[in-house]
Amino acid sequence: MEPVGVVDLFCGAGGLSEGFRAAGARILAGTDHDPDACATYAANFPEAIVVCGDVREPAIRERILDAAAGARVVVGGPPCQAFSQVRNHVRMIDDPRNALYREFVGIVDQLEPDIFVMENVPGMDQMGVRDQVLADLELDGHYVVRARLLDAVDFGVPQTRKRIVFVGVRSDLAVEPPVVAGTGVVDTLTLARRNGTEPVHYEVQGPGSGLAAWQERLVDPRDLSVVTAAQAIGDLAALTAGERRDSRPTIDLGPALSAYQELMRRGLGSEITNVSVPRTNADTVLRLNGVPQGGNHRDLADELRERYLTGQRWGPDAGNGRLSRRHYYAYRRLHPDFWSWTLNTKADSVYHYAAARALSVREFARLQSFPDRFTFTTDGRRGPLPGRIEGGAAHSRYRQVGNAVPPLLAQAIAQSVLAALTEIGEAFNVDGHRQRVVAFKC
C-alpha cells in the first residue's frame, strides 16, 4: 500500500518535509517563493514536485493544487507579519499583511486533507491571537484544531527553539487531533552563570529532585533524548576559520563521538558538504577569547568593549568609541555540555565553544538536526531573482538553516499524525456506517 502523501507549503529548505519523510510519509510536493530555498528542496527531495513562486499568483496556486492532488496531509509555516489584530479589531485572516497565512487556510479548504499541520512563531501566543487562528483553521466546523507550544530541545534537538504547532483533523473523521509530547527537559535544566567565581564560568542547574537524573542523561553521549552542543558538533572541531572548501571527504571526520553524530551521519556518502567557515577578524578573536563557554557580551572585560581593539576598521561605528549594542548578540559562545541557543539566520548568532570562530553551515544544520546527507545550496543564477533575499549565496545557506523547522521535532509531529491516520483507517474499515474506506501504509 502507498505511504501517506504530504504537501509542504512555504517549505523553505524542507525541515518539515524531512521529518515527515523520516517518519515514513511520501513527500509529494513543496512550494516556496525563495528560489535558493527551492534549489535546496529540489536537491534533497528529488521524489517531490517543487513549485517555486508566489502562491498569491493564480498560476502558481493552480500548480500547487495540481501537485498536491491526493495529499492526505498538508503542512506548512506561512509567514504571519501582523500580530496586533486584537488591538486594532482586524481579524488576523483579514489583515492584508497576512495574505500568505490566508493562502494557507484557503489551500487547506480546497484540498480538504485528512490532517493539516501549521507551525509558527510563539509570538502568536504572546500577542493573544491563538483563538483567532484556531477559529480560522476550523473552517466553519470542518476541522477540529488543537494548538500546542513545543520546544525542539524536548525532542532530542541540541537547540532550544519554540514553535506553536496547530494540528487539524477533519471533523467528519471523528478523531481528535493528536497530542505531541516531549521530554520536558527544557523546563528542568538551565545554563546559569556561577557568580563569585574566578574565572567566570557557566554550569548546568535546575530545580527539583529530577535534576541529577537529567544531568546524568545530559552528559551521556549515547542518550538521544537530550543532546549537547559537543555531542552534536564535536566531530567537526577540526574545521578552521577562513576555510573556503565547502566539502570534505567523509573519511576526514574520523569516528563519531556520540549517538547523535552517528544518527546525523546515516546515509552520508563519500563527501560531507557545507563545511566552509567564515573568516573571523582580529577584534572578534580577542573578544571571544574573553568570553567563557556558555557566556556572552556580559562577560567581556571593559577594555574589550572598545569599538576597535586592533586598529582594524569594520562594521558600523556609533561614534562613541564603544561597541554598539546591536552587536552584543554576536558574542555568545556555545557551552559544550549544554544545548545551543536558538539559531537565527546569521553566521555570528552563536560561536564555537572551543575555537574562536563562527560555525559552518554544516554545524548550524547539526544543531537543527538536519542529517549530514542533506545539502544546502542556492539557485545557480546570479543577481536579483523574484523571491531571492539579498546577501549572497553564503548568507542564503545560513538563512535557510536558521529559518527551518528542526527535522527531529517535525518527525515527532509526523509520527503522531501518522498514528492518527492509522486510527482513522481502522475506524473506517470497521464502522459500516462510514462510506469512505481508507487504505494506506504508515
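How many bridges join strand β8 to strand β9, and in which sense do the two strands run? In this predicted model, strand β8 (residues 190-194) and strand β9 (residues 201-205) are antiparallel and are joined by 5 bridges. Within this pairing, alanine 192 has glutamate 203 of β9 as its bridge partner. The hairpin formed by β8 and β9 has 6 residues between the strands, and glycine 196 adopts a positive phi near 80° there.

Strands of a sheet pair through backbone hydrogen bonds, in either a parallel or an antiparallel sense. An open sheet of 7 strands, with mixed pairing, follows the order β3-β2-β1-β4-β5-β7-β6. Its edges are occupied by β3 (49-52) and β6 (143-151); each has a single partner strand, so one side of each is left without a neighbour in the sheet. From one strand to the next, the twist averages 15°. Between β5 and strand β7 (residues 162-170), the pairing is antiparallel and extends over 6 bridges, with phenylalanine 116 standing opposite glycine 168 in β7.

Helices α1 and α2 both involve strands of this sheet. Helix α1 packs on the sheet and touches β1, β2, β4 (73-76) and β5, its direction making about 145° with that of β4. Helix α2 (residues 35-44) lies across β1, β2 and β3, and runs at about 175° to β3.

Two packed helices are described by the angle between their axes and the distance between the axes. For helix α5 (residues 99-111) and helix α7 (residues 130-138), the angle is about 35° and the axes are 9 Å apart. In this contact, Tyr101, Phe104 and Val105 of α5 meet Gln132, Val133, Asp136 and Leu137 of α7. The residues of the contact comprise 5 nonpolar, 1 polar and 1 charged.

The largest pocket encloses about 960 Å³ of space. It is lined by 43 residues, of which Phe10, Asp32, Gly77, Pro79 and Asn403 are the closest to its centre. Two or more lining residues are given by each of β1 (5-9), α1 (15-22), β2 (26-32), α5, β5 (115-120) and α13 (393-403). Helix α13 supplies the largest share of the lining, with 4 residues. By residue class, the lining divides into 18 nonpolar, 15 polar and 10 charged residues. Helix α5 thus appears in two settings, as it packs with α7 and also contributes to the lining of the largest pocket.

Conventions: Residues numbered from 1 in each chain as written. Predicted model: local features only at pLDDT ≥ 70, side-chain atom pairs only at ≥ 80, totals over all residues. Heavy atoms only, no water. Axes fitted to C-alpha atoms, helices over the stretch in contact; angles between N-to-C directions. Contact = heavy atoms within 4.5 Å. Nonpolar A, V, L, I, M, F, W, Y, C, P; charged D, E, K, R; others polar. Pairing = 2+ DSSP bridges. 1 Å grid on protein atoms, 1.4 Å probe; cavity = no way out; pocket = protein on both sides within 12 Å on 5 of 7 lines; lining within 4 Å. Points joined across faces, edges and corners; volume = space filled by probe spheres on them.
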